[in-house]
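Subject: Structure handover

Hello,

Please find the structure below. My notes on what was found in it follow.

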Amino acid sequence: MESVSGNGSGDFPPETSASVLKDRRTDALGDLRVLPDEILCTILTKLTPRDVARLSCASSVMYILCNEEPLWMSLCLSIVNRQLEYKGSWKKTALHQLDVLDTYTEACKRTLQFDGFNSLFLYRRLYRCYTSLNGFSFDDGNVERRENISLEEFRKDYDGQKPVLIDGLTDNWPARKSWTSEQLSLKYSDTKFRISQRSSKKVNMKFKDYISYIQIQHDEDPLYIFDDKFAEAAPDLLKDYSVPYLFQEDYFDVLDIDQRPPFRWLIIGPERSGASWHVDPGLTSAWNTLLSGRKRWALYPPGRVPLGVTVHVNEDDGDVNIETPSSLQWWLDFYPLLADHDKPIECTQLPGETIYVPSGWWHCVLNLETTIAVTQNFVNSKNFEYVCLDMAPGFHHKGICRAGLLALDDGGFEHIEKNSMSHENSSNYSDHTRKEKRVRTCQPVENTDNGNCTDMSSCDSLGDLEYSYDVNFLAMFLDNERDHYSSLWSSGNCIGQREFRDWLWKLWVGRPGIRDLIWKGACLALNAGKWYERVKEICAFHDFPSPPQDEKLPVGTGSNPVYLMDDYVTKIFVEGGLEASLYGLGTELEFHHLLSNSTSSLKNYIPSVLASGILVFENGSYRVIPWDGRGIPEVIASSNLISPQHKEVDYPFGVWGKKQFEYQIAGTPSHELGNCDKSSSMWPYIVTKRCRGKIFAELRDNLSSKDALNLASFLGEQLHNLHLLPVPSPSPNHSIPMVIGDYTESSQGNGFSKNTDNPAESELFVRILNRRRNNVTKRLSEWGDPIPSKLIEKVNEYVPDDLSVFFDIFKNETEVCRSLTWIHSDVMDDNIYMTSGKNISDPCMEENMHVTRSDISNGQKHSWHPSHILDFSDLTLGEPILDLIPIHLDVFRGDSRLLKQFLDSYKIPFLRKESLKDEAQGNRSDQLSYRTMCYCILYDENVLGAIFSLWKELRTATTWEEVEEKVWGDLNNYAGFS
């Protein structure tokens with residue numbers, strides 16, 4: 001780092017030794033001279049600050065490139081690990097983040113000058129850094145301006161159709177006077193706000209530091225407050241404005257505020273800052289109200305990709321990534337190239353004006369001076385179907401919605417024809433899978449009359465197909481090969497998969513007046529129409545009544561479609577593909593058989609099974625094959641899913657077969673699981689008795705403290721019963737050959753080896769864990785926020801290299817301890833049923849136990865008692881502590897009081913007998929808190945996201961031990977009872 005300033009004399013031979021001035025690039029860059037400066041500067045951003053400092057000493061040109069402010073801005077934002085304070089330059093700010101600023105303050109003051117070098121790329125960037133936008137407004141904008149517009153006029157002329165600039169909506173807002181830099185500085189000087197920049201890290205700045213920064217900065221793309229959590233940081237700001245009457249219909253408002261996707265933002269930015277070209281998330285619509293300053297807007301209708309913008313659509317999960325220049329760069333470098341008929345519609349927004357941006361519209365914003373604004377995205381009757389369409393699996397439709405017909409590949413027309421001709425209930429799907437990443441962009445084409453243009457009709461040979469941002473047209477591009485329940489969920493979707501199902505269900509229950517619209521959206525996103533037809537076939541076969549029209553939407557948030565009808569519940573297994581579904585049903589049926597032959601009281605708290613089987617679609621019609629989990633139906637045997645040695649097992653798809661299946665897929669990324677992403681023509685199903693009452697998820701906010709404690713006791717008692725149930729012994733046919741990589745070298749003789757003395761079930765469990773352990777850093781990185789990046793970097797130091805150390809205790813042949821037990825795996829708030837009033841002997845038979853939403857909203861108090869635990873499709877074998885993870889994080893929401901109540905009722909040691917516990921004193925792997933934290937990290941689902949959402953203060957944790965102690969420390973005081 002000490003060489004960052006280079007040679008103070010500027011003597012860098014041989015470049016400066018010649019008497020005649022010459023281009024120093026050749027000698028200074030060597031073989032790198034063939035690369036454009038833009039590429040060289042991009043490469044430098046991938047290095048560490050220390051490496052850039054060293055490289056600056058290599059030559060004069062490298063010194064110039066390595067001391068560019070935009071480079072150090074990028075480097076600083078990539079390493080920021082504390083509150084950001086701008087120190088006058090980005091190099092100094094980066095050194096401050098590295099705690100070395102005081103050491104190199106003098107070095108930073110010395111700047112070397114070199115002649116014989118010029119760069120158009122660097123000059124343009126420097127120009128953008130210092131350009132003034134005083135005369136950059138677009139006063140003759142072609143966005144319609146309205147004032148005193150009625151709701152009826154807005155819905156008729158603009159909603160879902162075209163942008164409009166509206167004045168007069170903010171006349172009564174306190175924010176019109178109080179939202180200035182000076183006023184906000186007085187009240188929120190030390191408040192931290194989130195900063196938007198092209199960085200993977202979340203950056204916060206105190207408001208006073210941000211104001212100081214914008215007053216002295218000369219960045220081409222300045223830092224920009226774009227904070228969706230401003231209401232948490234400064235709740236009083238919500239009192240300064242209200243949602244305008246034109247935009248108050250918002251279907252997301254049925255969700256609690258912490259369940260909603262990000263929807264409102266405080267926006268503050270200096271001259272030259274702004275939002276580059278984008279389409280709003282999830283194809284939502286938006287309103288944006290300016291309180292201070294001026295903004296220039298440019299907009300294109302849906303499907304019209306702006307010049308210079310590239311749209312990437314991932315073929316695995318449909319994730320959309322947009323590559324675009326900054327707002328200022330686009331207006332300076334690309335806008336002048338456009339012919340008049342290719343220019344966007346534009347306007348300059350003034351204080352007090354609100355702009356409405358419809359669903360799917362491209363827009364770009366440039367701040368002409370320091371601006372303060374508030375914006376909100378919403379879903380209403382005009383864009384609801386588009387939002388649902390965008391949540392559907394696949395990639396064709398996502399590309400078409402944003403890039404129009406440019407997103408069509410060579411087989412695009414065949415895809416449309418196939419969709420338009422296919423019958424709604426057809427299930428004959430292709431096995432073709434795609435792994436490449438598609439890139440579609442609108443490039444200028446030569447036009448002899450107008451120079452460069454981006455006219456859609458000239459970009460491709462599209463035949464007679466005409467693009468239309470119409471939901472029926474866009475739905476033709478949905479991928480019938482993929483299904484919501486078994487396909488990857490795009491990481492770019494504005495809401496999670498489980499949360500999306502919960503949203504539709506809450507709309508269905510809470511707003512019956514729009515059920516026709518909700519059904520249309522559910523058919524687009526969930527294939528709800530096809531699942532409804534399938535459940536009716538199952539009901540008809542068993543002489544059960546079909547779900548009525550008001551119950552035709554799959555219920556709840558689970559990963560398989562579930563239907564309610566009279567006294568029955570039908571669940572169709574879909575999650576994970578056909579093979580995973582067969583193991584899910586087979587294991588659940590094996591468990592029910594075992595439970596029915598036991599004396600455990602657990603059977604009183606699990607709905608009984610009334611029917612089960614496999615629904616098959618072949619030759620254009622459905623047929624039902626009853627199956628109790630035993631043996632292999634011919635339709636399955638002929639599919640070659642089962643290896644020959646498994647055919648003699650009583651339950652070939654039982655828990656041990658499922659464990660082998662878990663082993664085969666452990667550690668495999670979701671997009672590499674072959675069966676998961678392809679629709680099937682066979683669907684296992686189960687029909688159980690319907691419970692009366694309410695699920696806990698709908699009651700949690702209305703339960704008394706006493707009822708919550710009773711629930712914790714109930715769960716402790718039932719998990720006690722579950723974990724004491726006998727586990728089937730593995731068959732010799734369930735042996736798995738040793739695979740290189742399942743164990744580290746250190747495990748030979750120190751954990752499990754080829755001649756292990758440990759129980760077979762424990763060995764298989766450990767091998768599954770070790771496979772998950774192998775790619776843990778990659779998996780956590782893909783999950784990303786809110787998991788702190790610092791902790792992701794340290795995860796390999798925290799989790800044992802070989803998970804067999806957790807099972808060394810079983811080597812003591814004089815002690816007997818159960819290694820693995822039945823694990824429910826999914827005891828969450830939507831899998832617990834509760835009944836109102838006094839306890840009843842059989843809640844499944846009790847009539848009229850439904851409590852209406854109005855009862856709750858009117859404040860009527862009920863005493864609620866837990867009655868049933870539902871959904872055993874995720875049953876497996878494992879350490880008992882695994883069941884505590886979803887209970888504590890999802891049901892208890894981290895409440896230590898409820899955790900203690902649970903443990904008091906559970907009464908089984910999680911580890912071992914006291915004698916062995918004493919021997920293991922001081923062994924980290926035998927601390928309950930450490931083991932549980934490791935299991936959280938290795939969990940299939942992103943439970944870490946739940947941890948850092950519940951305990952927000954842990955987002956600044958620097959070690960996993962801090963997280964472990966905060967979340968699971970109480971477990972170390974639990975011993976259980978012999």
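Strand 8 (residues 285-292) and strand 15 pair in the antiparallel sense over seven bridges; two strands count as paired if DSSP finds at least two bridges between them. Helices (H or I, at least four residues) and strands (E, at least two) are DSSP runs, numbered from the N terminus. This is a predicted model, in which local features need pLDDT of at least 70 and side-chain atom pairs count only at pLDDT 80 or more, while totals for chains, interfaces and linings use all residues. Residues are numbered from 1 along each chain as its sequence is written, and side-chain values use heavy atoms, with hydrogens and water left out.

Within the pairing of strands 8 and 15, serine 285 has phenylalanine 378 of strand 15 as its bridge partner. Strand 15 is also joined to strand 6 (residues 264-269), by six bridges and again antiparallel. There, isoleucine 267 is the bridge partner of alanine 373 in strand 15.

How many of the residues of strand 15 (residues 371-378) are buried? Eight of its eight residues are, where buried means under 20% relative accessible area, exposed over 50%, and partly exposed in between (1.4 Å probe, protein chains only). Thr371, Ala373, Thr375 and Asn377 point one way from the strand, and Ile372, Val374, Gln376 and Phe378 point the other way.

Next, an open sheet. Its five strands have the order 19-20-23-21-22, with antiparallel pairing. Strand 19 (562-565) and strand 22 (621-626) are the edge strands, each pairing on one side only. From one strand to the next the twist averages 25 degrees; axes are lines fitted to C-alpha atoms, for helices over the stretch in contact, and angles run from 0 to 180 degrees between N-to-C directions. Helix 22 (residues 528-541) packs on this sheet and touches strand 19, strand 20, strand 21 (609-618), strand 22 and strand 23 (682-689), contact meaning heavy atoms within 4.5 Å. The direction of helix 22 makes about 125 degrees with that of strand 20. Helix 23 (residues 578-596) lies across strand 20, strand 21 and strand 23, and runs at about 30 degrees to strand 23. Strand 19 and strand 20 (residues 568-572) are paired over four bridges, with tyrosine 563 opposite threonine 570 of strand 20.

On to charged pairs. A salt bridge here is a side-chain nitrogen of Lys or Arg within 4 Å of a carboxyl oxygen of Asp or Glu, and the count comes to 45 salt bridges. One of them joins arginine 25 to aspartate 37, with the closest N and O atoms 2.7 Å apart. Arginine 25 is in helix 1 (residues 25-29) and aspartate 37 in helix 2 (residues 37-44), twelve residues apart. Both arginine 25 and aspartate 37 are buried.

Aspartate 801 and arginine 773 form another salt bridge, at 3.3 Å between the closest N and O atoms. Aspartate 801 lies in the loop between helix 29 (789-798) and strand 25 (821-823) and arginine 773 in helix 27 (residues 760-774), so the pair ties together parts 28 residues apart in sequence. Is aspartate 801 buried or exposed? Aspartate 801 is exposed, because its relative accessible area is 53%, whereas arginine 773, at 7%, counts as buried. A network of salt bridges links Arg498, Arg700, Asp829 and Asp830.

Regards
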